[in-house]
Amino acid sequence: MENIRRAEPRDASRIAEILIFTKRANYRPIFQNDGVSFGEMQVFPLAQAYLEKPELLDCVWVYEQGFVKGMLHVEGQEIRELYVDSFFQGSGIGGALIEFAAEKLGARELFVLEKNPRAIRFYQRHGFRLTGERRPEEGTAEYVLRMERRCEPSGGKAVRIRKGVMEDAEELRALYRELEEDGVRYQPEHFVVGYRDDGFFQNIFASSTQDILIAEQDGRVAGFSHVMILEQKKVACLKPETLVYVQDLDVRADMRGQGVGTKLMEASKEYGLARGAGFIRTQVFPQNRDGIRFYERCGFREMMKTIECQLH
């Protein structure tokens with residue numbers, strides 16, 4: 001999977017070419033709407049949209065072998081798009097992309113056109129099965145079918161939550177690096193990839209008001225949540241309250257989509273309740289759409305926006 005990487009703005013034209021040309025070839029016989037196939041579906045406007053709004057590429061990955069030959073769009077646990085340039089189909093690129101989506105990104109479901117048996121067979125070869133769910137494709141007379149790929153959570157082995165110890169430091173550093181790389185990608189003007197030394201972890205583990213909660217599976221760190229008990233600022237207009245703050249939360253890329261993050265969040269809430277916290281709070285990058293959806297599923301809602309302005 002060394003040929004697969006995150007999409008970047010420099011990939012915009014190739015991604016647009018692959019999407020437009022393969023969709024046109026695959027779907028024109030089904031929809032029989034040349035106004036859409038040749039009028040609305042154009043390479044330049046799509047590439048321009050990616051360049052003007054690079055956040056559209058946040059959930060897109062590409063297969064590169066000298067140049068981009070395929071693309072993958074995953075949001076949450078759903079594969080939204082998977083396309084390979086027609087010149088390179090049948091060479092294993094599609095299989096590599098779908099296995100990457102399932103194994104590294106935790107993708108477990110997708111929707112496929114009912115009249116696209118070739119795609120259905122492809123997904124079935126890679127462990128997806130038809131669920132029986134069928135729904136109209138919006139704006140058309142066609143239907144899409146839902147497919148899912150089942151897996152035993154964490155390879156069928158239990159995930160347990162415990163407090164972190166110094167022996168976890170090395171695995172935690174790798175997870176922090178994942179978070180910091182996201183920070184650099186989302187807001188390079190503020191973030192760098194740093195190094196968490198032993199002192200960083202020792203201070204947390206020795207504290208009476210913070211901990212790192214570890215999700216452990218088969219003796220390995222699968223994810224963590226850095227939780228802190230905070231008192232509301234003493235300001236005249238604010239109620240005196242105790243809260244639990246999730247400073248950082250991350251799950252190993254190859255274990256996402258298996259409920260590990262949800263277990264960590266449940267443990268974070270329990271940590272706060274046991275210490276008298278009235279609510280739980282965290283922050284999330286606005287570009288991190290998967291993260292926002294995860295927190296919303298866990299009961300969070302937006303309370304305030306942080307805004308800023310560059311001075312130089």
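Which residue in β9 is the bridge partner of Lys-163? Keep that in mind as we walk through the model, and we will select the pair together.

**Before you start**

This is a predicted model, in which local features need pLDDT of at least 70, side-chain atom pairs count only at pLDDT 80 or more, and totals for chains, interfaces and linings use all residues. Residues are numbered from 1 along each chain as its sequence is written, and side-chain values use heavy atoms, with hydrogens and water left out.

**Stop 1: the whole chain**

Show the protein chain as a cartoon. You should find 9 helices and 12 strands. Helices (H or I, at least four residues) and strands (E, at least two) are DSSP runs, numbered from the N terminus. The C-alpha trace spans about 65 × 50 × 40 Å along its principal axes.

Now switch on the surface. The protein chain exposes about 18100 Å², and carbon and sulfur atoms supply 51% of that; such areas come from the Shrake-Rupley method with a 1.4 Å probe, and for residues only the protein chains shown count as cover. Of the 312 residues, 43% are buried. Here, buried means under 20% relative accessible area, exposed means over 50%, and partly exposed lies in between (1.4 Å probe, protein chains only).

**Stop 2: the sheet of 7 strands**

Select the strands β1 to β7. They form an open sheet in the order β1-β2-β3-β4-β5-β7-β6, with mixed pairing. Its edge strands, β1 (4-6) and β6 (129-136), each pair on one side only. Two strands count as paired if DSSP finds at least two bridges between them. As background, strands of a sheet pair through backbone hydrogen bonds, either parallel or antiparallel.

Zoom in on residues 143-148, which are strand β7; 5 bridges join this strand to β6, and the two run antiparallel. Between β6 and β7, which form a hairpin, there are 6 residues, and Gly-139 in the turn has a positive phi of about 80 degrees. Try two pairs as sticks: Pro-136 stands opposite Tyr-143, and Arg-134 stands opposite Leu-145.

Next, add β5. This strand also pairs with β7 in the antiparallel sense, over 5 bridges, and Val-112 has Leu-145 as its bridge partner. Is β7 enclosed or open to the outside? Because 5 of its 6 residues are buried, β7 is largely enclosed by the rest of the structure.

**Stop 3: a helix on the sheet**

Select residues 117-125. This is helix α5, which packs on the sheet of 7 strands and touches β4 (78-84), β5 (109-113), β6 and β7. Touching is a matter of contact, meaning heavy atoms within 4.5 Å. The direction of α5 makes about 155 degrees with that of β5. For such angles, axes are lines fitted to C-alpha atoms (for helices over the stretch in contact), and the values run from 0 to 180 degrees between N-to-C directions.

**Stop 4: the sheet of 5 strands**

Move on to β8 through β12. This open sheet has the order β8-β9-β10-β11-β12, and its pairing is mixed. At the edges are β8 (160-163) and β12 (279-281), each of which pairs on one side only.

Here is the pair from the opening: the partner of Lys-163 in β9 is Leu-213. Their strands, β8 and β9 (residues 210-217), pair in the antiparallel sense over 4 bridges. Helix α6 (residues 169-186) packs on this sheet, touching β9, β10 (220-231) and β11 (242-251), and its direction makes about 75 degrees with that of β10.

**Stop 5: strand β11 and Asp-250**

Colour β11 on its own. On one side, 9 bridges join β10 to β11 in an antiparallel arrangement, with Gly-223 opposite Val-251. There are also 3 bridges joining β11 to β12, and these two run parallel; look for Tyr-245 opposite Arg-281. Since 9 of the 10 residues of β11 are buried, this strand is largely enclosed by the rest of the structure.

Finish by selecting Asp-250, which is found in β11. Is Asp-250 buried or exposed? Asp-250 counts as buried because its relative accessibility is 6%. Leaving aside neighbours within four places in sequence, Asp-250 is in contact with Leu-175, Glu-178, Leu-179, Gly-223, Phe-224, Arg-256 and Leu-264. Show those residues as sticks, and your tour is complete.
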